[in-house]
Amino acid sequence: MAGRSAFALALAAFLLAAGASSARADEPRQGGTLNYVAPYGSSFSSLDIHASAQIQDAIWSKAIHKPLYDWDADANQPVLALATDVAASDDGLVYTYKLRQDVYFHNGKQMTADDIIWTYTRIMDPQKAYPSARFIRYIKGAAEYSEGKAEAISGLKKIDDFTLEITFTDPMDPAYLLMRNVTSIYPKDEGNSEEFLKHPIGVGPYKFAEYVPGSRLTVERWEKYFDSGKPYLDKVNIMIMGDASARDVAFRNKEIDVSVLGPAQYVAYKADPEMSKYILEVPEVFTRFVGFNLDYEPFKDKRVRQAINYAIDSDLIIKRLAKDKAYRATSWLPISSPAYDKDAKPYPYDPEKAKELLKEAGYAEGFEFELTATQNESWGLTIVEAIIPMLAKVGITVKAKPVESSVLSEVVPAGDFQAFMWSYTSGPDPLTALLNFHSETPQSSGNYEKFNNPDYDKLIDAAKQARNEDEKNELLRQANNLLQEEAPMWFFNYNKAVIAYQPWLHGAQPNSMEIALQSYEKIWFDESAPSR
Amino acid sequence: MLRFILRRLLQMVPTVIAVSLLIFIIFSVVPGSIASSMIADGRGANDPELIERLNREFGLDRPVHVRFGDYIWNLAQFDLGTSFRTRQPVTELIGERIWPTLKLAIAAMCVAIAIGLPLGFFAAMRPGSLLDSITMVGAVSGLSVPQFWLGLLAMYLFALTLGWLPSFGYGEGGLRNLVLPALTLGVGPMALLARTTRAAVLEVMSTDFIRTARSKGMSSFRLVKWHVTRNALVLIITTLGLQFGSMMGQAVVVEKLFSWPGLGSLLIDSVGLRDIPVVQGSILVLVLCFLVINTVVDVLYAVIDPRISHG
């Protein structure tokens with residue numbers, strides 16, 4: 001925890017330096033209707049958050065539901081939400097939670113340990129394939145239950161109504177698993193009814209009011225929300241707005257209070273003296289990169305991989321194409337990670353060095369590879385087009401292979417590529433992020449490059465066993481630096497996520513996990529807000 | 001007439017089956033799946049166990065011919081299947097979205113008829129005049145302008161600059177929210193209708209029976225009312241029918257731009273997320289709408305022009 005706190009302070013300092021503070025001296029005020037946006041598509045997938053894998057659904061879920069832990073965006077760490085205290089056993093496998101006794105579902109029922117056990121059991125339903133199961137699978141007996149080999153999840157034990165014991169399969173910090181919106185707590189038994197799936201009930205700050213499919217979801221203040229005094233707003237309309245230009249018009253027309261900005265809008269808003277005052281930007285836990293297939297002959301040699309990193313002028317691409325809406329990547333872990341090495345330097349742009357390395361590796365005449373990428377403007381073919389001439393200068397020929405995003409995520413885990421470009425989660429838990437490159441992680445499960453380095457494995461294994469946060473982060477920092485040295489990818493950038501908000505809105509949080517995910521209970525309006 | 005309608009309805013059946021087969025084949029061979037779409041945004045690692053469970057839950061682990069057999073069998077019982085994403089019946093999802101799309105298409109068609117028809121008519125009455133030139137330049141422009149750009153312009157003008165209308169959304173389903181998307185969607189058909197009407201009227205005006213009627217001293221009003229309009233209507237109605245069908249499909253762009261909760265926006269999301277039952281169902285419904293409208297147009301021919309025989 002000491003490591004997390006120290007990091008939280010560092011991140012706070014960073015955000016202040018970036019002019020991204022949302023803090024205001026004013027006192028929060030009750031009332032008002034927030035018009036928020038859900039920008040990732042033209043609909044919500046489901047009103048059953050356990051069944052969804054889409055970030056778009058997490059946006060409405062943040063209003064209605066709460067998981068056992070919550071992500072504190074201001075502190076940049078997970079915190080207990082539905083429990084007041086947790087005690088871990090010495091071996092790090094058993095966690096005992098003292099649950100809050102003031103948590104009520106929107107139907108008035110008090111939340112107890114039974115609801116949590118029922119929820120986690122539902123997620124592992126043998127007949128269903130809930131995407132949320134991957135977070136619950138680490139509870140002892142969950143996998144057996146989902147395979148139909150057990151009647152219940154053995155790792156879930158009710159001590160009394162407000163004491164819950166959870167046993168995990170590995171020593172780990174369960175906060176990173178049980179803070180996910182997709183593990184939100186449902187009321188026992190009711191969560192499977194047809195009615196529930198149309199009118200979701202949770203313990204979050206707002207209760208469900210209305211859903212117009214494809215248009216908006218409206219929630220209203222829950223009077224018995226456990227965090228007294230909150231939420232401040234009376235009502236939140238979550239508007240589905242997939243188009244960035246349309247969001248821009250609606251924001252300027254003051255029809256919406258918050259807008260998620262793309263590169264084009266970011267430049268325009270930054271240039272506007274008034275609008276630039278109300279921008280919140282944060283380094284998100286996403287790394288954009290070109291992964292190399294280490295089975296492909298030229299990429300087997302570390303010097304070739306390093307040469308590509310030297311040969312690409314990443315800063316220029318970030319400035320010109322990403323419109324500075326990105327932070328230069330040094331290695332895999334992003335700036336907001338507690339194991340990020342702030343002294344690490346990215347590969348400099350040095351084509352001569354690249355040529356030298358290629359010559360040493362036996363590729364003085366260059367070579368050719370195919371780069372699979374999507375149409376994404378920030379990490380797709382636009383970027384590939386920029387790196388083609390840069391790599392051509394050192395003799396490397398790149399052939400772009402355009403694919404759709406759901407095809408990219410099919411061919412990459414299958415190893416059907418020579419190189420691919422993606423934006424991929426690299427946090428918030430640095431251990432989980434770096435485990436992707438452990439040699440025991442199959443290619444199909446995240447080690448897409450088939451990275452295999454015994455020294456790296458040792459560092460990760462040691463970090464898994466470390467019980468002290470500082471020690472663990474130091475080991476992960478070393479592993480991350482080793483990854484940079486080994487360069488199984490071209491480290492491009494970390495996403496700079498940006499939202500714009502209206503002058504009357506206060507309490508927006510710099511959420512490094514996903515800036516569109518706001519804890520609505522912290523948001524409030526001052527007197528200048530329009531009446532809606 | 002009843003036999004004719006029945007025959008036309010029966011003729012739709014093989015078309016629907018052929019379209020179903022085509023949609024099924026396309027989405028059986030295109031790469032990508034519901035499982036791969038779940039990790040496409042890079043927010044989570046690929047999970048082979050989840051993929052296996054998803055394939056089992058949705059029956060995707062069965063051979064293609066078995067799935068197709070089930071699909072046709074269910075279709076025969078008006079069951080479009082269950083959405084992979086929402087786990088709701090597809091008919092329910094489409095039911096939620098079809099009315100906003102129909103409403104938008106009808107409103108856009110009203111815009112097209114209310115403006116395009118009289119413009120085309122008056123332009124034909126004064127060929128070569130200033131009104132004719134303006135109308136035709138406007139029609140060509142209307143057909144050429146991309147809907148997306150036009151929609152943005154409308155937003156800037158009517159919402160941001162003038163503040164008359166909301167720039168997006170469905171609101172409570174009222175007229176205020178409908179105006180801008182309907183105008184945007186209606187401009188293309190309006191332009192086409194103006195051109196078609198002008199051409200049809202000019203063609204009728206140059207026929208012998210019109211010249212005869214004129215030489216017999218029939219007034220211009222009676223001539224237009226009884227002879228020109230009725231004869232020109234066949235072509236105009238054909239254009240209208242085809243345009244209405246196309247508009248249901250073109251609404252995809254407008255719906256996305258204006259956050260309009262129609263079938264088009266559902267279809268776009270479902271394609272991206274490989275929610276195949278919803279994609280199949282939505283396309284099928286759009287095709288059905290098109291076929292029904294065509295049938296209605298055919299029936300109208302007979303009503304308007306008794307010379308057309310359906311025997």
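Me: What makes residues of chain B and chain A count as being in contact, and how many does each chain bring?
Reply: Contact here means heavy atoms within 4.5 Å, and by that rule chain A takes part with 62 residues and chain B with 50 residues. This is a predicted model, in which local features need pLDDT of at least 70 and side-chain atom pairs count only at pLDDT 80 or more, while totals for chains, interfaces and linings use all residues. Residues are numbered from 1 along each chain as its sequence is written, chains are lettered from A and ligands numbered from 1 in the order in which they are written, and side-chain values use heavy atoms, with hydrogens and water left out.

Me: Why is an area called buried, and what area is buried between chain B and chain A?
Reply: The area is called buried because it is the accessible area (1.4 Å probe) that two parts lose on being put together, summed over both. For chain B and chain A that area is about 4,600 Å², with 48% given by carbon and sulfur atoms. On the side of chain B, the residues B:R43, B:R53 and B:F168 supply 16% of the area that this chain buries against chain A, more than any other three residues.

Me: What makes A:K198 and B:E92 a salt bridge?
Reply: A salt bridge asks for a side-chain nitrogen of Lys or Arg within 4 Å of a carboxyl oxygen of Asp or Glu. In this pair, a Lys of chain A and a Glu of chain B, the closest N and O atoms are 3.4 Å apart, so the pair meets the rule. The count between chain B and chain A is six salt bridges, and over all chains the count is 42.

Me: How many residue pairs are in polar contact across the interface, and what makes them so?
Reply: The rule finds 27 residue pairs between chain B and chain A, both residues being at pLDDT 80 or more. A polar contact is a pair of N or O atoms within 3.5 Å, where within protein one must be able to donate a hydrogen and the other to accept it, and residues adjacent in sequence count only if both atoms are side-chain atoms. The side of chain B that touches chain A draws at least two residues from each of α2 (34-38), α3 (48-57), α5 (90-125), α7 (147-161), α10 (220-257) and α11 (263-272) of chain B. That side divides into 22 nonpolar, 13 polar and 15 charged residues, where Ala, Val, Leu, Ile, Met, Phe, Trp, Tyr, Cys and Pro count as nonpolar, Asp, Glu, Lys and Arg as charged, and the others, Gly among them, as polar.

Me: How many helices and strands does chain B have, and how do you know?
Reply: Helices (H or I, at least four residues) and strands (E, at least two) are DSSP runs, numbered from the N terminus, and chain B has twelve helices and zero strands. Its C-alpha atoms fill a box of roughly 85 × 55 × 30 Å along the principal axes.

Me: What does A:D125 touch?
Reply: Leaving out residues up to four places away in sequence, A:D125 touches A:Y130, A:Y145 and B:R53. A:D125 lies in the loop between α3 and α4 (133-136) of chain A.

Me: Which parts of chain A does the salt bridge of A:D48 and A:R122 link?
Reply: In this pair the closest N and O atoms are 2.9 Å apart. The pair links distant parts of the chain, with A:D48 in the loop between β1 (33-38) and α2, and A:R122 in helix α3 (residues 113-123), 74 residues apart.

Me: Why is one space called a cavity and another a pocket?
Reply: On a 1 Å grid over the protein atoms alone, a cavity is a set of points where a 1.4 Å probe fits but cannot get out, whereas a pocket is an open set with protein on both sides within 12 Å along at least five of seven lines, and lining residues have an atom within 4 Å of a point. Grid points are joined across faces, edges and corners, and a volume is the space filled by probe spheres set on the points. There are five cavities of 30 Å³ or more, and the largest holds about 60 Å³ of space. Its lining includes A:S45 and A:Q54 together with B:I34 and B:R85. The second largest pocket has a volume of about 1,600 Å³, and among its 47 lining residues A:P39, A:Y40, A:N376, A:W379 and B:D41 lie nearest its centre.

Me: Which peptide bonds are cis, and where does A:P231 lie?
Reply: Most peptide bonds are trans. A cis bond joins A:K230 and A:P231, with omega about -5 degrees, and A:P231 lies in the loop between β9 (216-221) and β10 (235-240) of chain A. The bond from A:G427 to A:P428 is also cis, with omega near 5 degrees.
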